[in-house]
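Colleague: Before I rely on the labels attached to this model, I would like to go through them one by one and hear the reasoning behind each.

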Amino acid sequence: MNMEKYYGKFGGQYVSESLMNTLDELTKAFEEAINDKAFMDEYRYYLKQYVGRETPLYLAKNLSNKYGAKIYLKREDLNHTGAHKINNVIGQILLAKRMGKTKVIAETGAGQHGVATATGAALFGMECTVYMGEEDIKRQALNVFRMKLLGAKVEAVKTGSKTLKDATNEAIRTWAKRAEDTFYIIGSAVGPYPYPRMVKEFQKVISIEAKRQILEQEHALPDAVVACVGGGSNSIGMFADFIDEKNVKLIGVEAAGLGIETGKHASAMSEGKMGVLHGMRTYLLQDDDGNIKLAHSISAGLDYPGVGPEHAYLRDTKRVEYVSIRDDECMNALMELNKLEGILPAIESAHALAHTLKIAQNEMKGKTIIVCLSGRGDKDIDTISKYFNGEETNK
Amino acid sequence: MLVNRIEEKIDKLKREGKKAFITYMTAGLPDYNTTKNIIRTSMEAGLDCMEIGIPFSDPVADGNVIQDASFRAINNGATLEKTFVMMKEIRDEAIELPIVFMMYYNQIYNYGIEKFVKRCIECGVDGLIIPDLPFEEQDELRTELNGHEGAPILIQLVSPVSKSRIEKIVKDARGFIYAVSQMGVTGNENSFHNEIKNYLCEVKEKTDIPVMLGFGIGSAKDVEFIKSQIDGAIVGSHFIRLMEDSNFDMNICANYIKEFKNEL
């Protein structure tokens, strides 16, 4: 066991022998790149001029007045393509280019990471294939169309549960076959090392900006920072620069779906069962036979049976508190933000918001809280309309 | 020390100057009685070793055929524990065919590593192939295997892109080396890596134990051109398809094995 590749007992490189040299090359190339000023300057250039960073840290006054804490929103929803996913895609695709790869592949659930990857591929002239479960393709027709418009090939995955987990399996299989010319862009803080570290590196801009912005506006650090957790990319980026600030409470919010007790949820932490999937050792939803269970959430972006290994570590070391929010709670929070502030958040981000509204009225009354608004809700219009019309939602 | 069935078989093949033929079958496809029949028939037909695939929900190292087979076996109720029970029954019938479990690490981890190793010993499992447990991640399992007499052999895999890794992987390997014929997943026929000959020579140079070639093999003819570089061949997806297409006809199973063995 090579401890550099681990976060405590989580992480590692559980991949086939065919990929071990690929991961070594990737680790070396990544370390070199982030220590190369020219590379990081190019990354920052695209974040500023193309993605539109920095994103605002907005004090949601109406929400704050109603709920009793000072609630700041880190507006990742204002990024190009509508979510934080693009930060990481720009970083990884520049790395792919630097490594001489001509093709990129990605997995996607709701399609946000797929759209971001297809966007980056269009920008940098790369051939792009996105793996997406057949079930998700049906549910996210708009994003599928967008990816195709951008010139990406969308490969329907028809195996297993035909959702994100299976799309990830298929992307790993393709990568094992074609690693010589193909770069796998993982969208979440998951996968074999160095992926969790890379995703954190390219998402930590969120917390670096937020820390500077809160110091400008409040002249103090926040009391709490809240972000939603599926695999954990926006949250690891939102926590990164606050982890060493011991007085800042960090809270990760998983999806409780219909309720943890119903078994229909996406909270990998709640069952506390460790396992190995998608190249990493982490907390996983699994049955007694060691098969991976299906996650359930109204939000396709949180609908993943595992969680990034660094989150698993942050939970065990108690640096971050992980909680969960049900479908109904998150949809109420979504409407609150929409009506009080005129901002329609992604259903994923509404989970973080829902928990924030809870603590604002209780232990965090009068305190300052930053919530990561990881994406905008436009992609969710269909689900939102069905939900409030009492129809069965996609998930 | 107890003699391992794989090592015993390999010694015998070496003395006779013969090559090994190994097949793969998903456990519980379509049910455990069929799996047992295949084991009995294969042994009588002269098979040297059999891989039993423990169906897993997320078989990332497998191509379509084994993925489908796993999915259906799980739906039919196949589990690791039931496969152990089947193994015990097979051994109680005095069937001494060397058997290797092909499975994913989560299944072992979930079962409990120590409990798993003990159960393998009880039920006569001779080897383990774990495609998502590369050399660097094997310490935890290896410690447990080394701590129990009669524990199965952890079969080491090498790939055409292993290059400088080959040496450390094969150094303490036992049983045989599983040489993967191509990058990617199981079941991709007619697509051996273009450097296959050099690669196999390199592996052979670095180890004294037999080297078995697997992935994408259907008949003995497929490996004819590299026969002198290998000590045996492994057939998985093709064998599963053959069995499914014939509705698990045991004559076809026996004939296929005899023919392959003869031509090898």
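Modeller: Let me begin with the rule for strands, by which two of them pair if DSSP finds at least two bridges between them; please also keep in mind that this is a predicted model.

Colleague: By that rule, why are strand 7 and strand 8 of chain B said to pair?

Modeller: Strand 7 (residues 177–180) and strand 8 of chain B are joined over four bridges in the parallel sense, and because the rule asks for at least two, they count as paired. One of the bridges sets B:Ile177 against B:Val211 in strand 8.

Colleague: And what makes strand 8 and strand 9 of chain B a pair?

Modeller: Between strand 8 and strand 9 (residues 232–235) of chain B there are two bridges, again parallel, and since the rule is met at two, this counts as a pair as well. Here B:Leu213 stands opposite B:Ala233 of strand 9.

Colleague: How do you know that both faces of strand 8 of chain B are covered?

Modeller: On one side of strand 8 (residues 211–214) lie B:Val211 and B:Leu213, on the other B:Met212 and B:Gly214, and all of them are buried, a word reserved for residues under 20% relative accessible area.

Colleague: Why is A:Phe145, by contrast, called exposed?

Modeller: A:Phe145 has a relative accessible area of 53%, and exposed means over 50%, so the label applies to A:Phe145. This residue sits in helix 7 (residues 141–149) of chain A, and its C-alpha is 9.5 Å from that of A:Val115, although the two are 30 residues apart in sequence.

Colleague: Turning to the two chains, what makes B:Glu140 and A:Arg281 a salt bridge?

Modeller: Their side chains meet with 2.8 Å from N to O, and because the limit is 4 Å, the pair B:Glu140 and A:Arg281 qualifies. Across the interface of chain B and chain A the rule finds three salt bridges, together with 23 residue pairs in polar contact, both residues being at pLDDT 80 or more.

Colleague: Which element of chain B gives the most to the side that touches chain A?

Modeller: Helix 5 of chain B does, with four residues. The residues on that side divide into 17 nonpolar, 11 polar and nine charged.

Colleague: How much area do chain B and chain A bury between them?

Modeller: About 3100 Å², with 47% of it on carbon and sulfur atoms, and the contact takes 37 residues from chain B and 38 from chain A.

Notes
Residues numbered from 1 in each chain as written. Chains lettered and ligands numbered in written order. Predicted model: local features only at pLDDT ≥ 70, side-chain atom pairs only at ≥ 80, totals over all residues. Heavy atoms only, no water. Buried < 20%, exposed > 50% of the residue type's maximum accessible area, 1.4 Å probe, protein only. Contact = heavy atoms within 4.5 Å. Buried area = accessible area lost by both parts, 1.4 Å probe. Polar contact = N/O pair within 3.5 Å; in protein donor to acceptor, adjacent residues only side chain to side chain. Nonpolar A, V, L, I, M, F, W, Y, C, P; charged D, E, K, R; others polar.
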